[in-house]
Amino acid sequence: MTVRSYVAECIARPNCKVGESPVWDRLTDDLYWVDITSRQFFRMPAAGGAFQSWPLPATVSAFALRQDGGFIAATDRGFARLDLDLERDGPVLAFGSTPDIPQGGRMNDGACDRQGRFWSGTLSPTPAAPEASGALYSIGRNRDLRARGGRFRVQNGLAWSPDGRRMYVSDSHVSNPHVLSFDFDPDTGERANATLFADYGKLGGRPDGAAIDVDGCYWIAASDSGRVLRLTADGKIDAEIIVATRNPTNICFGGSDLRTAYITSLRPDGGTGGDVYAVATPFQGLAEPHYRP
């Protein structure tokens with residue numbers, strides 16, 4: 001299969017240590033993201049220009065838009081409501097349901113399923129430990145917190161097919177980087193029939209954050225390879241986005257037609273990166289559901 005190739009351009013230099021969770025707001029045409037390590041929250045208008053940043057009162061690793069306004073976030077203290085209160089000059093976090101997070105750990109990648117439940121996995125403070133101790137959790141209506149199981153060292157790559165009946169999740173740890181797919185029950189949120197969808201040997205990099213397009217193809221940031229890859233539903237790579245850093249971390253689609261890919265990245269100690277990239281593509285992203293409280 002011919003792999004189509006596109007080159008992303010740097011659109012912002014926020015100097016993030018771990019830039020993550022790009023989120024596109026179709027109502028305001030704003031792009032949001034966070035720096036996990038530096039506890040910073042960013043907003044940039046689609047037209048480009050200067051971005052804004054604010055300090056966060058806790059570690060936020062991922063977030064999604066809420067149906068009633070603001071955001072739902074995965075943090076080092078569990079799930080939280082996140083609001084951007086410009087009168088207070090920054091984000092405000094209201095903590096709610098708390099999964100079983102290991103002491104010194106936090107939550108990691110997060111995304112909403114098609115029914116508006118927000119999912120995230122826990123991350124141990126020592127991912128190199130012999131046992132994979134991370135697990136998935138979801139929060140639904142009326143703060144319905146559910147333990148969803150799993151054994152992860154570095155959970156990542158959450159995404160759902162357009163019909164909501166296939167779920168993807170990855171583990172980015174260097175010991176066994178891979179992506180799994182599951183049959184997913186939209187009504188209950190239960191998953192079954194784990195299948196290896198892709199691994200390091202196919203991706204050429206560790207699988208990080210992900211997104212889905214309208215064709216049901218899975219886009220994954222292949223960290224360490226300087227690429228974001230598009231995998232068809234049967235696991236074939238048919239497109240790639242090249243970025244000028246080894247460590248892209250996540251992707252979302254934005255723009256009026258959801259055909260612009262926005263990509264965050266991290267900056268290793270003593271290295272370069274931490275910028276935000278964008279590229280117009282012929283592929284249309286899928287409008288991600290909002291969290292339904």
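## Exercises on a predicted model

The side chain of Arg114 comes within 3.1 Å of the backbone oxygen of Ser161, in a structure that is a predicted model.

**Exercise 1.** Work out where Arg114 is found, whether Arg114 counts as buried or exposed, and which side chain shares a polar contact with that of Arg114.

*Solution.* Begin with the chain itself: Arg114 belongs to the loop between strand 11 and strand 12 (118–123). Next, take the accessibility, for which the cut-off is that buried means under 20% relative accessible area; because Arg114 has 14% relative accessibility, Arg114 counts as buried. Finally, turn to the contacts of the side chain, which reaches the backbone oxygen of Ser161 at 3.1 Å and is joined to the side chain of Glu288 by a polar contact of 3.5 Å.

**Exercise 2.** Describe the largest pocket by its volume, the residues nearest its centre, the strands that supply its lining and the classes of its lining residues.

*Solution.* The volume of the largest pocket is about 540 Å³. Its lining is made up of 32 residues, and those that lie nearest the centre are Pro22, Val23, Trp24, Cys252 and Glu288. Glu288 is also the residue whose side chain is in polar contact with that of Arg114. As for the strands, at least two lining residues each come from strand 3 (19–25), strand 7 (60–65), strand 11 (106–112), strand 15 (155–160), strand 19 and strand 23 (248–254), and strand 3 gives the largest share, 5 residues. Sorted by class, the lining holds 22 nonpolar, 5 polar and 5 charged residues.

**Exercise 3.** Describe the second largest pocket in the same manner, starting from its space of about 450 Å³.

*Solution.* The second largest pocket has 19 lining residues, with Arg106, Leu123, Val154, Asn156 and Arg206 nearest its centre. Strand 11 and strand 19 each supply at least two residues of this lining, and the largest share, 3 residues, comes from strand 11. By class, the lining of the second largest pocket comprises 7 nonpolar, 7 polar and 5 charged residues.

**Exercise 4.** Place strand 19, which contributes to the linings of the largest pocket and the second largest pocket, within its sheet.

*Solution.* The sheet is open and mixed in its pairing, with 5 strands in the order 1-22-21-20-19. Its edge strands, each of which pairs on one side only, are strand 1 (4–7) and strand 19 (206–212). Neighbouring strands of the sheet are turned against each other by 25° on average, direction ignored. Strand 19 runs antiparallel to strand 20 (residues 218–223), to which 5 bridges join it, and Pro207 stands opposite Ala222 in strand 20.

Definitions and conventions: Residues are numbered from 1 along each chain as its sequence is written. This is a predicted model: local features need pLDDT of at least 70, side-chain atom pairs count only at pLDDT 80 or more; totals for chains, interfaces and linings use all residues. Side-chain values use heavy atoms; hydrogens and water are left out. Two strands pair if DSSP finds at least two bridges between them. Helices (H or I, at least four residues) and strands (E, at least two) are DSSP runs, numbered from the N terminus. Axes are lines fitted to C-alpha atoms, for helices over the stretch in contact, and angles run from 0 to 180 degrees between N-to-C directions. On a 1 Å grid over the protein atoms alone, a cavity is a set of points where a 1.4 Å probe fits but cannot get out, and a pocket is an open set with protein on both sides within 12 Å along at least five of seven lines; lining residues have an atom within 4 Å of a point. Grid points are joined across faces, edges and corners, and a volume is the space filled by probe spheres set on the points. Ala, Val, Leu, Ile, Met, Phe, Trp, Tyr, Cys and Pro count as nonpolar, Asp, Glu, Lys and Arg as charged, and the others, Gly among them, as polar. Buried means under 20% relative accessible area, exposed over 50%, partly exposed in between (1.4 Å probe, protein chains only). A polar contact is a pair of N or O atoms within 3.5 Å; within protein, one must be able to donate a hydrogen and the other to accept it, and residues adjacent in sequence count only if both atoms are side-chain atoms.
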